Amino acid sequence: MSSLVTLNIFVNRNPKSSAFEFEELSLVGDICCYIRRLLDNTEQDDQFGLFKLHQDPTKGCWLRMDKTLKDCCLKSGDLLEYRTRIRPLDVITHEKIVTVIPVDDAHSVLRVTQSVCSKLGLSGHEEFSLTVDRSDDNDAAICSLNDKTDSLRKMHNIGDKVNWLVSEKTLREQGVSETTVVTLRKRFFVSDLNLDQGDSVKLNVAYTQSRNTIL
């Protein structure tokens with residue numbers, strides 16, 4: 001028999017948390033459904049989730065829907081917030097234009113990049129990734145580059161100021177707040193023989209980034 005866990009959850013932007021008691025083997029997804037029924041709102045299935053609060057914003061995390069409270073190592077007294085996972089992301093495109101794109105805060109950078117490319121009409125999302133300028137205030141929280149990235153940088157003559165975000169981690173885990181501006185860049189290049197000559201958008205990206213690198 002599983003034990004009970006009492007969680008303090010902020011719901012619907014209420015400044016005061018409410019105490020909820022669940023079995024430790026309860027699924028996070030089932031708890032979200034329970035809260036939605038309390039709010040009489042069934043239209044939030046894909047956009048809302050439970051967020052574990054922490055004094056350090058970069059250490060707060062979204063709970064996976066398919067995990068139990070025990071899997072998430074939650075204990076009585078923990079603070080959670082039931083809120084939307086959708087957040088705005090300021091993205092600089094190859095045309096030096098800042099575009100605000102709604103993304104899922106719980107997704108990895110890899111999935112966020114896929115979403116950004118889709119909304120910008122770019123195919124081959126696996127060739128792109130996101131970068132953050134080193135002068136950003138959150139730079140201290142952003143992971144350093146690995147040896148493979150350094151090799152790619154040298155190969156394509158990319159300057160030292162390019163700071164690739166780690167694909168497997170979320171934006172939040174890497175200190176990318178809602179005020180942080182990221183840049184969408186082509187990370188993996190292909191030869192002229194493999195470049196889709198019929199994709200005008202991707203051709204423009206490849207040309208613009210190569211030109212900016214040379215200049």
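Which pattern does the protein chain follow when it is read along the sequence? With the whole chain of this predicted model selected and coloured by secondary structure, the order to trace is β-β-α-β-β-β-β-β-α-β-α-β-α, and the elements come to 4 helices and 9 strands.

Before narrowing the selection, switch to a surface view of the protein chain, where the accessible surface comes to about 12,600 Å² and 49% of it belongs to carbon and sulfur atoms. Buried residues make up 41% of the 215 residues in the chain. If contacts are displayed for residues at least 6 apart in sequence, 60% of them join residues that are at least 24 apart.

Next, select residues 4-11 and 18-23, which are strands β1 and β2 and which pair in the antiparallel sense over 6 bridges. A convenient point at which to inspect this pairing is Asn8, whose bridge partner in β2 is Ala19. Following the chain out of β1 leads into the turn of a hairpin, in which 6 residues lie between the two strands; among them, Asn12 deserves a look at its backbone, since its phi is positive, at about 55°.

For the last stop, move to the loop between β4 (61-62) and β5 (79-84) and select Cys73, which lies within that loop. Cys73 is not a glycine, yet its phi is positive, at about 60°. Is the residue buried or exposed? With the surface shown again, Cys73 can be seen to be exposed, its relative accessible area being 61%, where exposed stands for a value over 50%.

Conventions
Residues are numbered from 1 along each chain as its sequence is written. This is a predicted model: local features need pLDDT of at least 70, side-chain atom pairs count only at pLDDT 80 or more; totals for chains, interfaces and linings use all residues. Side-chain values use heavy atoms; hydrogens and water are left out. Buried means under 20% relative accessible area, exposed over 50%, partly exposed in between (1.4 Å probe, protein chains only). Contact means heavy atoms within 4.5 Å. Accessible areas come from the Shrake-Rupley method with a 1.4 Å probe; for residues, only the protein chains shown count as cover. Two strands pair if DSSP finds at least two bridges between them.
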